[in-house]
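Let's take a walk through the inside of a protein, looking at its packed parts and its empty spaces. Have the structure open while you read.

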Amino acid sequence: MSVLDLNPDQLLTTTRAVRKRLDFGRPVPDDVVRECVSVALQSPSGSNNPSMHYVVVRDAAKRRAIGDIYRFCFTQYQSMDGTYLRTIDKGSEEANRVQQRSADSADYLADHMGDAPVLILACTNGRMDNVPGIVAASLAGNIAPAMWSFMLAARARGLGTCWTTLHLMMEEQTAEVVGIPFETVQQVCLSPLAYTLGTDFKVAARPEPDSIIHWDSW
């Protein structure tokens, strides 16, 4: 599979959360998914013992079922004043305009998650419910770096992804759709996977590094 002509910094700074620019009508070959997982397996993991799992959902009925779950969870999120994007005042007209555009994009994905040709559920062995922070961080560390590597590999191959977690409001119901053993496996991320409409993505506006760096003390 050919990859886009991007240097490392270009790849890292233009891998966006893709929602409106997902091509729902173009199939994603299984071998491309395998290539992305192969890249993900090279990511660092605790004790060099990756315990990650990827549930690749291609079945249309299962995608619709997960899409319905995500849409329902999203409606719960929309009711959370001060948490839902549209209810957060960013302090300036321009910042609020950008925020509303992000909300439009998030709303669109909520309505179309199940339309993506592939859904990816990134999971790790072990549960994070009511465990010490060190345990939760360790478990998340088994899959979070790997999923980011998966997303970078997808971007390099002209595919879009989007890290979402709202379905975790109904994680057990999602597990039932695809047979994930809920008692022993934690879902961490749900992402659509689809080719993008165009492959040019811009670097996003972000704060200056020194605005978030704490040199030697907080």
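Start with Cys-36, which is buried, with a relative accessible area of 0%. Keep in mind that this is a predicted model.

Does a cysteine like that have a partner, and what is the nearest cysteine sulfur to Cys-36? Cys-36 is in no disulfide, and the nearest cysteine sulfur, that of Cys-189, is 13 Å away. A disulfide needs the two sulfur atoms within 2.5 Å, so that pair doesn't qualify. Cys-162 is buried too, with a relative accessible area of 1%. For Cys-162 the nearest cysteine sulfur is again that of Cys-189, 8.2 Å away, and Cys-162 is in no disulfide either. In fact, the structure holds zero disulfides.

**The packed parts**

In soluble globular proteins, nonpolar side chains tend to be buried together. Here, the largest nonpolar core has 27 residues, and the members that touch the most others are Tyr-70, Phe-74, Leu-119, Leu-121 and Leu-190. Which elements give two or more residues to this core? They are α3, α4, β2 (118–125) and β4 (185–195). The biggest giver is α3, with six residues.

Now zoom in on Leu-121. Leaving out residues up to four places away in sequence, Leu-121 touches quite a list, including His-53, Tyr-54, Val-55, Ile-66, Cys-189 and Leu-190. Another of its contacts is Thr-174, which sits in helix α7 (residues 171–178). Is Thr-174 buried or exposed? With a relative accessible area of 0%, Thr-174 is buried. Apart from its neighbours within four places in sequence, Thr-174 is in contact with Ile-66, Ile-69, Leu-121, His-167 and Gln-187.

There's also a second, separate core of 23 residues, and our friend Cys-36 belongs to it, along with Met-151, Leu-159 and Leu-193 among others.

**The empty spaces**

Next come the gaps. Here are three of them side by side.

| Space | Volume | Lining by class |
|---|---|---|
| Largest pocket | about 940 Å³ | nine nonpolar, four polar, 10 charged residues |
| Second largest pocket | about 180 Å³ | nine nonpolar, three polar, one charged residues |
| Largest cavity | about 50 Å³ | four nonpolar, five polar, two charged residues |

Take the largest pocket to begin with. It has 23 lining residues, and those nearest its centre are Arg-16, Arg-19, Arg-101, Ser-102 and Ala-204. Of its lining, 10 residues are charged.

The second largest pocket has 13 residues in its lining, with Arg-19, Tyr-70, Ala-106, Trp-163 and Thr-164 nearest its centre. Two elements give two or more residues to that lining: α3 (60–78) and α4 (93–112). You've met some of these names already: Arg-19 is also listed for the largest pocket, and Tyr-70 is a member of the largest nonpolar core.

Last is the closed-off space. How many cavities of 30 Å³ or more are there? The count comes to one. Its lining includes Thr-14, Thr-15, Arg-16, Met-151, Arg-155, Leu-159 and Phe-201. At least two lining residues come from each of α6 (144–156) and β3 (159–160). Look for two links here: Met-151 and Leu-159 are also part of the second core, while Arg-16 is among the residues nearest the centre of the largest pocket.

Conventions
Residues are numbered from 1 along each chain as its sequence is written. This is a predicted model: local features need pLDDT of at least 70, side-chain atom pairs count only at pLDDT 80 or more; totals for chains, interfaces and linings use all residues. Side-chain values use heavy atoms; hydrogens and water are left out. On a 1 Å grid over the protein atoms alone, a cavity is a set of points where a 1.4 Å probe fits but cannot get out, and a pocket is an open set with protein on both sides within 12 Å along at least five of seven lines; lining residues have an atom within 4 Å of a point. Grid points are joined across faces, edges and corners, and a volume is the space filled by probe spheres set on the points. Ala, Val, Leu, Ile, Met, Phe, Trp, Tyr, Cys and Pro count as nonpolar, Asp, Glu, Lys and Arg as charged, and the others, Gly among them, as polar. Helices (H or I, at least four residues) and strands (E, at least two) are DSSP runs, numbered from the N terminus. Buried means under 20% relative accessible area, exposed over 50%, partly exposed in between (1.4 Å probe, protein chains only). A nonpolar core is a set of buried Ala, Val, Leu, Ile, Met, Phe, Trp, Tyr and Cys residues joined through side-chain atoms within 4.5 Å. Contact means heavy atoms within 4.5 Å.
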